Structure formats: structure tokens, C-alpha cells
Amino acid sequence: MKPASLRPFLPRPAIRRRIPQYQCRQYAIQAPRTPSLQVFDSRIKQIHKERSAANAESSRRVDYLRDEVSSRLCERLLDINRHFPSVLDLGANACNIARILTTTPPPVPTDPPLHTRLTSLTSADWSPTLLHRDSHLPFNSDLPSHTRTVLSDPDTAPLPFAPHSFSAVLSSLSLHWINDLPSLLSQIATVLKPDSPFLAAIFGGDSLFELRTSLQLADLDRRGGVATHVSPLADVRDVGGLLQKAGFKLLTVDVDDIVVEYPDTFALMQDLQAMGESNAALVRETNAGLRGLGRDVLLANE
């Protein structure tokens with residue numbers, strides 16, 4: 001017995017009619033790239049950095065942390081016994097690494113200055129005001145070659161550098177605000193020459209632990225819930241996996257503790273704002289239509 005067919009029972013116009021292309025239903029599809037999870041508001045972070053760098057004196061006053069981390073990063077780079085023709089400082093902030101290289105004396109007084117270990121330094125950052133904040137200071141002329149490059153939106157624009165163009169890449173306290181960190185790490189591996197080092201320092205998961213905990217306890221006491229007042233940070237156990245996935249070899253991931261004492265919460269928040277490191281999470285209270293940190297929560301926090 002032959003299977004039944006519906007074609008004889010359909011009206012003839014329905015069989016022959018063709019649906020125009022403009023009437024066909026369209027469906028959204030994922031673009032052919034790795035989906036990125038949006039954790040931070042890049043526009044707000046750009047405003048934070050531009051606003052903090054607009055007041056140059058206040059911004060320089062809180063450079064103590066970036067200078068310390070940049071100094072430790074430069075020490076590890078110079079432990080490698082080789083000359084670096086071209087170095088990229090990615091997320092240079094106010095060119096703290098360039099200043100450290102020219103102002104820090106060598107470990108042995110008879111050794112040449114530290115900046116002679118490299119030929120060309122490219123400082124790149126997403127904030128033009130912060131990047132050019134100290135462009136008039138004397139340390140710029142001490143470097144053999146120093147170029148500043150303003151980068152576009154990190155969420156949409158790739159790095160504007162050719163593959164295999166740098167003999168070393170440094171990054172000091174900047175990559176923790178990147179949404180698509182795996183993509184950026186892959187781009188860094190692309191612009192590096194073979195057998196070239198990548199050294200970076202970011203705020204880890206336990207940074208600002210005391211501030212995060214005290215604000216959560218104050219929220220629970222006054223509101224009965226917990227809100228996001230401190231931006232989430234990457235865990236050290238996840239960073240190694242991201243580096244390996246990006247194609248880096250001979251990985252070393254460690255943790256340095258830097259303890260800075262503040263008299264109260266308000267002094268800490270004031271310094272964070274002057275650094276441009278205020279909360280920029282997408283789920284922060286001001287972005288959800290709430291009133292943000294209230295006086296009752298701040299008083300309970302103290």
C-alpha cells in the first residue's frame with residue numbers, strides 16, 4: 001500500500017504560489033566570533049579615566065600604587081638578560097612604566113640606565129587625557145624613542161598593531177577592565193614576536209576585600225540585601241587557563257600582596273575615584289535605577 005500524499009488534496013494555487021523573498025521571516029544569528037560576556041560598562045569606565053586625568057595634580061597624587069606595580073613589572077622584565085628593540089606598554093595609564101624606566105637607578109651604580117635596555121617604547125591606552133597627562137615632563141626625552149597611541153573601544157576594535165611587531169609586551173593595572181579578555185590576550189600573542197615575553201599585572205579577586213565585605217555587611221544590616229558596589233575581578237586560577245588558551249607557553253602566574261592603609265572608607269573611595277578605578281559593573285545600582293550608596297549604608301559601613 002502506497003503512503004498517502006497531501007499534494008492531491010491541496011488547492012492548485014497553493015501549490016504553485018511562491019512566497020516573495022521580502023516576505024520571508026528573518027532570524028537573528030550569532031556573529032562568527034566568540035561570544036563575549038559584558039561585565040563592565042566601557043563607556044562609564046572611559047568617563048571615569050577621563051574625569052580623573054582632567055585634574056592632573058589629584059591624579060598624580062594617587063599614582064603611588066601604579067608606580068609601585070610598574071616598578072615591580074620593570075624589574076621582572078629586566079631580569080631577562082637580553083635587549084628589547086621594541087616594547088609595547090598596553091594600558092599604559094599615564095605612562096607610569098616609561099617614567100619608572102627613566103627615573104629608577106640601576107641596581108648596580110656602574111650599570112647603564114634601565115631605559116638603555118630597550119630601543120623603542122610604545123605606550124597605548126584607551127584614555128587620551130590620561131595617556132597624555134605627563135607628555136610635557138622631562139622623562140619623555142630621556143627615552144631613546146617613545147610613542148603614544150590612543151586605542152579605540154576595547155570591546156569592538158582590535159589592536160592597531162601588525163603581527164610580530166614587538167619584542168615584549170607589558171601591561172600594568174589595566175586589563176582587569178576588559179570584557180573580552182580572551183580575545184585581547186590572543187591579540188597580544190599575535191603582535192608578539194616568537195620567543196618574546198608578556199608581563200602583566202591586574203587587580204586580583206581578593207583586591208579591596210575589606211571594602212567589599214564591609215559594604216555587603218552594611219547592606220545586609222540596613223537594606224536586608226546585597227548590591228554590587230565593587231567591580232568583580234578575575235581569579236588567579238582562571239588567568240592561567242586564559243593565557244594557555246590564548247597560546248602562551250611557559251606560564252607563570254603568581255600573587256603579590258600590597259597593603260595600603262587608609263584612615264576610613266571615604267579616604268579609600270576618594271583615592272579610587274581619583275585613580276579612575278571606581279565601580280563600572282553593568283549591574284551597579286545607579287545603572288539599575290536605584291539610588292546607589294546611601295548615607296545610611298555608608299554610616300553603617302563605618
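## The sheet and its order

Strands β2 and β3 run parallel and are joined by five bridges. Within this pairing, A124 has T149 of β3 as its bridge partner. The model is a predicted one. The pair belongs to an open sheet of five strands, arranged in the order β3-β2-β1-β4-β5 with parallel pairing. Strands β3 (146–150) and β5 (198–201) stand at the edges; each has a single partner strand, so one side of each is left without a neighbour in the sheet. From one strand to the next, the twist averages 15°.

## Strands β1 and β2

Strand β1 covers residues 84–90 and strand β2 residues 118–125, and the two pair in the parallel sense over six bridges. Two of the partnerships can be named: D89 is matched with S123 in β2, and L88 has T122 in β2 as its bridge partner. Between these strands the chain crosses from β1 through helix α5 (residues 96–103) to β2, in a β-α-β crossover that is right-handed.

How much of β2 is buried? Six of the eight residues of β2 are buried, which leaves the strand mostly covered. In a regular strand, side chains alternate between the two faces of the sheet.

## Strands β4 and β5

On the other side of β1 in the strand order comes β4, followed by β5. Strand β4 (residues 168–172) runs parallel to β5, and four bridges join them. Here S172 has A201 of β5 as its bridge partner. The link between the two strands passes through helix α8 (residues 181–191), and this β-α-β crossover is right-handed.

## Leu131 and helix α6

L131 is found in helix α6, which spans residues 128–131. Its relative accessible area is 0%, so L131 is buried. The C-alpha atom of L131 is separated by 8.9 Å from that of G91, although the two residues are 40 apart along the chain.

## Salt bridges

The model holds 15 salt bridges. In one of them R99 is joined to D67, with the closest N and O atoms 2.7 Å apart. Because R99 lies in helix α5 and D67 in helix α4, this pair ties together parts that are 32 residues apart in sequence. R99 has a relative accessible area of 14%, and it counts as buried because that value is under 20%. Both R99 and D67 also belong to a network of salt bridges that links E57, R60, D63, D67, R99, R133 and D134.

A second salt bridge joins D254 to R76, the closest N and O atoms being 2.9 Å apart. D254 is in the loop between α10 (236–246) and α11 (265–275), while R76 is in helix α4, so the pair ties together parts that are 178 residues apart in sequence. Both partners are partly exposed: D254 has 43% relative accessibility, and R76 has 37%. A further salt bridge is formed by D235 and R237, whose closest N and O atoms are 2.8 Å apart. D235 is partly exposed at 25% relative accessibility, whereas R237, at 71%, counts as exposed.

## A nonpolar patch at the surface

Which residues make the nonpolar surface patch of about 210 Å²? The patch is made by Y64, I258 and V260. Y64 lies in helix α4, which covers residues 64–78. With a relative accessibility of 31%, Y64 counts as partly exposed. The cut-off for patch residues is over 30% relative accessible area, together with the absence of a salt bridge.

Helix α4 thus appears in several of the features described here. Y64 of this helix contributes to the nonpolar patch, D67 of α4 is paired with R99 of α5, and R76 of α4 is paired with D254 in the loop between α10 and α11.

Technical notes. Residues are numbered from 1 along each chain as its sequence is written. This is a predicted model: local features need pLDDT of at least 70, side-chain atom pairs count only at pLDDT 80 or more; totals for chains, interfaces and linings use all residues. Side-chain values use heavy atoms; hydrogens and water are left out. Patches are made of residues with over 30% relative accessible area and no salt bridge: like charges are joined within 9 Å, nonpolar side chains (Val, Leu, Ile, Met, Phe, Trp, Tyr) within 5 Å. Accessible areas come from the Shrake-Rupley method with a 1.4 Å probe; for residues, only the protein chains shown count as cover. A salt bridge is a side-chain nitrogen of Lys or Arg within 4 Å of a carboxyl oxygen of Asp or Glu. Buried means under 20% relative accessible area, exposed over 50%, partly exposed in between (1.4 Å probe, protein chains only). Two strands pair if DSSP finds at least two bridges between them. Axes are lines fitted to C-alpha atoms, for helices over the stretch in contact, and angles run from 0 to 180 degrees between N-to-C directions. A crossover is right-handed if, with the strands pointing away from the viewer, the path from the first strand over the helix to the second runs clockwise.
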